[in-house]
Amino acid sequence: MRRPNGDQLLRLEDAVEWIADALATDPSLVSPATQRSDLKGWDSLGQLILMSALDQDFGIKLTEDEVGSMASVQDILDVLKRHGRLRAS
Amino acid sequence: MATFSVSGAAVRGIATSVPQARFNNITDTKTLPSDEVRKIVAMAGVVERRVAGDTITSSDLCYAAARSLLQGLDWTPESVDALVMVTQTPDYFMPSSSCILQKRLGLSDRCAAFDVGLGCSGYVYGLWLSGMMLHGGDIKRVLLLHGETPTRYVREDDRAVSLLFGDAGSATAIERSSEPYSPPWHFALHTDGGGYRDLIIDGGAFRDRFSASAADHYVHMNGANVFNFTIKSVPPLIEEVLNLAGRAKEDIDYFVFHQSNRFIIQHLVRTCGLPSDKVPLILDRYGNCGGPSLPLTITEGLRTATGRDPSTLLLLGYGAGLSWGAALLPFARAAVIRHLEYTTPKGDLE
């Protein structure tokens, strides 16, 4: 997994690659428009791994609402943006 | 509302038993890619687990724990008035494991014995039942057994559960207290059957006895739903039992969580503002053993003696059903603690 470097902001493509890695998925299959149901690795266990990785790699501790709202890759990118981890495009 | 306070009961000892065979998730897993294994281990926190194999049952593990505990307490088998066996992995649908254990342990035929079919909340329910049984009759000593072999209902290629579970049995000796003052036990118990499909074995019982689907004979877990249930249910549960007991978090010496998953427990510790040094974790060595993970955490996780005697434990069980409960009770330093490895399959009555 490509781990973020300290407080460095992620570029969009790096964030997408990080998401693909967390979900054990080929990065070519992942884009902001990708839905949870499109990815085999984003099952209920994948959701927990994703939450754990957001905490371990970025210190992002999701709120209950954020956990419930993650249904697409764009939702994960929005979480990273809200927590100041995604570079503005 | 199911809240209770029980007085006049004391835990005299706890013994736990695990299979000798170890399974290291990192080095021994052959059914999942190693990178995926590392991610799951990093999240759930289970490095090593004990596995029963095809011959050891929950009653075997409980038998070994109970025999060791009776010896440690110097309790004669005839002095046990009731045996409660909590399990969802019994030897048979019929008869109850408790009856088999009554015979194996040499208990009297005047001993009441029955099974309770609850999962990860089962230890809390078992303590509540045992405490209640000491009132209104001549029952003075109860042996509470709680054993599970979840590795035997897990599909090795189901990544949601295959690296999570371990097997364990336990025995807890509960006695009518003769001390002039013994602090009461407090319980809060809950159920939401609306989530019954979140942890389920579909086939093999009488709803679908001979299911043709092999997968139906193994456990299915919706991890995200179980996570959501846990983070919503446990924080108010802690507050509820503290309020019932008139105690504060600072009064608790150990918060003994069902060892469900390290990420989930750490999330709860953070959300509830609990001191992590008062939350023992044994997941890395034993995995999620279902309800018996609570007594196992007491025997294997409470290494440091606190300044208080008795110490105060807050036990938290939550899982299949959905069912959840908390117990707040004293635990005396004089209580017998035993832990052993189970080595020899003993399927026959002794």
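**Figure 1. Pairing of strands S9(B) and S14(B) in the predicted model.** His186(B) has Leu328(B) as its bridge partner in S14(B). The model is predicted. Strand S9 of chain B covers residues 185–191, and its pairing with S14(B) is antiparallel, with 6 bridges. S14(B) itself is mostly covered, since 9 of its 9 residues are classed as buried.

**Figure 2. The two faces of strand S14(B).** One side of S14(B) carries Ser323(B), Gly325(B), Ala327(B), Leu329(B) and Phe331(B), and the other side carries Trp324(B), Ala326(B), Leu328(B) and Pro330(B). The residues on both sides are all buried, and both faces of the strand are thus covered. Leu328(B), the bridge partner of His186(B), belongs to the side that includes Trp324(B) and Pro330(B). Ala327(B), on the opposite side, is the bridge partner of Leu315(B).

**Figure 3. The hairpin of strands S13(B) and S14(B).** Strand S14 of chain B, residues 323–331, pairs with S13(B) in the antiparallel sense, and 9 bridges join the two. Within this pairing, Leu315(B) has Ala327(B) as its bridge partner in S14(B). The hairpin has 3 residues between its strands. Gly321(B), in this hairpin, adopts a positive phi near 145°.

**Figure 4. The enclosed strand S13(B).** Strand S13 of chain B comprises residues 311–319, and 9 of its 9 residues are buried, so the strand is largely enclosed by the rest of the structure. Ser311(B), Leu313(B), Leu315(B), Gly317(B) and Gly319(B) point one way from S13(B). Thr312(B), Leu314(B), Leu316(B) and Tyr318(B) point the other way, and the residues of both sets are all buried.

**Figure 5. Parallel pairing of strands S12(B) and S13(B).** Strand S12 of chain B, residues 254–257, runs parallel to S13(B), and 4 bridges join them. Phe257(B) stands opposite Leu316(B) of S13(B). Leu316(B) lies in the set of S13(B) side chains that also includes Thr312(B) and Tyr318(B). S13(B) is therefore a strand with 9 of 9 residues buried, joined to S12(B) in the parallel sense and to S14(B) in the antiparallel sense.

**Figure 6. The surroundings of Ser98(B).** Ser98(B) is part of helix H4 of chain B, which spans residues 97–104. A residue counts as buried under 20% relative accessible area. Ser98(B) has a relative accessible area of 0%, and is therefore buried. Apart from neighbours within four places in sequence, Ser98(B) is in contact with Leu83(B), Met85(B), Ala113(B), Phe114(B) and Asp115(B).

**Figure 7. Chain B, the setting of the preceding views.** Chain B contains 9 helices and 15 strands. The radius of gyration of chain B is 19 Å, close to the 20 Å given by the globule rule for 350 residues, so the chain is as compact as a globular protein of that length. Taken along the principal axes, the C-alpha atoms fill a box of roughly 60 × 50 × 35 Å. Buried residues account for 59% of the 350 residues of chain B. Of the contacts in chain B between residues at least 6 apart in sequence, 78% join residues at least 24 apart. The accessible surface of chain B is about 14,200 Å², and 51% of it belongs to carbon and sulfur atoms. Chain B carries 32 positive and 37 negative side chains, with the centres of the two sets 3 Å apart.

**Figure 8. Chain A, a helical chain.** Chain A has 4 helices and 0 strands, and its elements follow the order α-α-α-α from the N terminus. A compact globule of 89 residues would have a radius of gyration near 12 Å, and the 12 Å of chain A agrees with this. The C-alpha trace of chain A spans about 30 × 30 × 20 Å along its principal axes. Of the 89 residues in chain A, 49% are buried. Contacts between residues at least 24 apart make up 54% of those in chain A that join residues at least 6 apart in sequence. Chain A exposes about 4,400 Å², of which carbon and sulfur atoms supply 47%. There are 10 positive and 15 negative side chains in chain A, and the centres of these two sets lie 4 Å apart.

Technical notes:
Residues numbered from 1 in each chain as written. Chains lettered and ligands numbered in written order. Predicted model: local features only at pLDDT ≥ 70, side-chain atom pairs only at ≥ 80, totals over all residues. Heavy atoms only, no water. Rg over C-alpha atoms; globule rule 2.2 N^0.38 Å. Buried < 20%, exposed > 50% of the residue type's maximum accessible area, 1.4 Å probe, protein only. Contact = heavy atoms within 4.5 Å. Areas by Shrake-Rupley, 256 points an atom, 1.4 Å probe, with all protein chains shown as cover. Lys, Arg positive; Asp, Glu negative; His and termini not counted. Charge placed at Lys NZ, Arg CZ, Asp CG, Glu CD. Pairing = 2+ DSSP bridges.
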